[in-house]
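Visitor: I am new to this molecule, and I would like to be walked through it slowly, with the reasoning spelled out at each step.

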Amino acid sequence: MKDLSKRFILSLVAIPALICLFLFAHNPWFQYVAISAFAIMTCIAVWEYVQMVRMVGGKPNLPLILFFTLLEVIAFFAAARFSELAWAPLLIFFIAFLCICLVHFKEKEGAIIDLAASSFGLIYIAVPMGMILSILYFSGSQDGRWWVAYLFIVTKITDVGA
């Protein structure tokens with residue numbers, strides 16, 4: 001029952017936050033609030049991921065991963081808003097991968113596992129969260145808020161159904 005109360009409290013906070021996101025997403029001042037919220041959520045998710053990896057013996061570099069997570073989320077937003085920056089998320093990920101390689105290959109023991117765990121953290125968490133921002137702020141003919149709402153609703157329905 002304790003888990004249910006935590007989920008209920010989280011839902012009481014998350015649902016109004018999502019409603020505000022959908023209502024005010026395209027206001028110029030609120031875009032930066034949304035980016036900040038997504039960046040914070042993404043960093044928390046990456047931190048939790050790194051804690052899980054450390055529990056099984058991995059040694060990913062948390063500050064480096066968090067830094068590139070922030071850059072990746074911002075790069076996806078910039079790519080969505082300015083079409084001439086469409087290459088930015090890929091460039092940030094490439095630079096992140098090179099930096100992670102340099103950091104982890106200083107020590108030979110466990111370097112491949114730590115490299116894989118660190119890279120996977122970026123691919124599995126930072127890239128999808130950045131893509132949500134890309135969908136939300138895509139400058140095409142459709143309103144991205146409906147697609148993001150669809151994503152959250154379907155995810156929540158399948159979670160409840162499971």
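Visitor: Is Y32 buried or exposed?
Guide: Please keep in mind throughout that this is a predicted model. A residue counts as exposed when its relative accessible area is over 50%. The relative accessibility of Y32 is 54%, so Y32 is exposed.

Visitor: And F77, is that residue buried or exposed?
Guide: The cut-off for a buried residue is a relative accessible area under 20%. F77 has a relative accessibility of 8%, and F77 is therefore buried.

Visitor: How many aromatic pairs are there in the whole structure?
Guide: The whole structure was searched for such pairs, and Y32 with F77 is one of them. The number found by that search is six.

Visitor: What kind of pair do the rings of Y32 and F77 make?
Guide: The centres of the two rings are 6.4 Å apart, and their planes meet at 70 degrees. Planes over 60 degrees apart count as edge-to-face. The pair of Y32 and F77 is therefore edge-to-face.

Visitor: Which parts of the chain does the pair of Y32 and F77 link?
Guide: The two residues are 45 residues apart, and the pair links distant parts of the chain. Y32 belongs to helix 2, residues 28-55, while F77 belongs to helix 3, residues 62-81.

Visitor: What kind of aromatic pair do W147 and Y150 form?
Guide: Both residues lie in helix 6, residues 144-161, where they are three residues apart, or about one turn of the helix. An α-helix has 3.6 residues a turn, so residues three or four places apart point the same way. The ring centres of W147 and Y150 are 6.4 Å apart with 85 degrees between the planes, and the pair is edge-to-face.

Visitor: Is V148 buried or exposed?
Guide: V148 is placed in helix 6, the helix that also holds Y150. Y150 counts as exposed because its relative accessibility is 52%. V148, with a relative accessibility of 1%, counts as buried.

Visitor: How many helices and how many strands does the chain have?
Guide: Reading along the sequence gives the pattern α-α-α-α-α-α. The count for the chain is accordingly six helices and zero strands.

Visitor: How far apart are the end C-alpha atoms of helix 2?
Guide: Helix 2 has 28 residues, and at 1.5 Å a residue these should span 40 Å. The distance in the model agrees with that expectation, the end C-alpha atoms being separated by 42 Å.

Visitor: Which residues of helix 2 are buried?
Guide: To be buried, a residue must have a relative accessible area under 20%. R54, which also lies in helix 2, is not on the list, because its relative accessibility of 38% makes it partly exposed. The buried residues of helix 2 are F30, Q31, A34, I35, F38, A39, T42, C43, V46, Y49, V50 and V53.

Visitor: Which residue takes a positive phi just after helix 2?
Guide: The phi angle in question is about 105 degrees. The residue that takes it, just after helix 2, is G57.

Visitor: Where does helix 5 bend?
Guide: Helix 5 runs over residues 111-136, and its 26 residues should span 38 Å, which agrees with the 37 Å between its end C-alpha atoms. There is nevertheless a bend of about 30 degrees, with a proline, P128, following within four residues of the bend. The bend in helix 5 is at A126.

Visitor: What is the area of the nonpolar surface patch that includes F94?
Guide: F94 is in helix 4, residues 88-104, and its relative accessible area of 48% makes it partly exposed. Patches are made of residues with over 30% relative accessible area. The patch is made by W87, L91, F94, I95 and L98, and its area is about 470 Å².

Visitor: How far apart are the C-alpha atoms of G58 and A116?
Guide: G58 is placed in the loop between helix 2 and helix 3, and its relative accessible area of 11% makes it buried. Along the chain, G58 and A116 are 58 residues apart, while the separation of their C-alpha atoms is 9.8 Å.

Methods:
Residues numbered from 1 in each chain as written. Predicted model: local features only at pLDDT ≥ 70, side-chain atom pairs only at ≥ 80, totals over all residues. Heavy atoms only, no water. Expected span 1.5 Å × (residues − 1). Bend = angle between axes of the 7 residues up to and from the residue. Patch = residues over 30% accessible without salt bridge, like charges linked within 9 Å, V, L, I, M, F, W, Y side chains within 5 Å. Areas by Shrake-Rupley, 256 points an atom, 1.4 Å probe, with all protein chains shown as cover. Salt bridge = Lys/Arg side-chain N within 4 Å of Asp/Glu carboxyl O. Buried < 20%, exposed > 50% of the residue type's maximum accessible area, 1.4 Å probe, protein only. Phe/Tyr/Trp six-rings, centres within 6.5 Å; stacked < 30°, edge-to-face > 60°.
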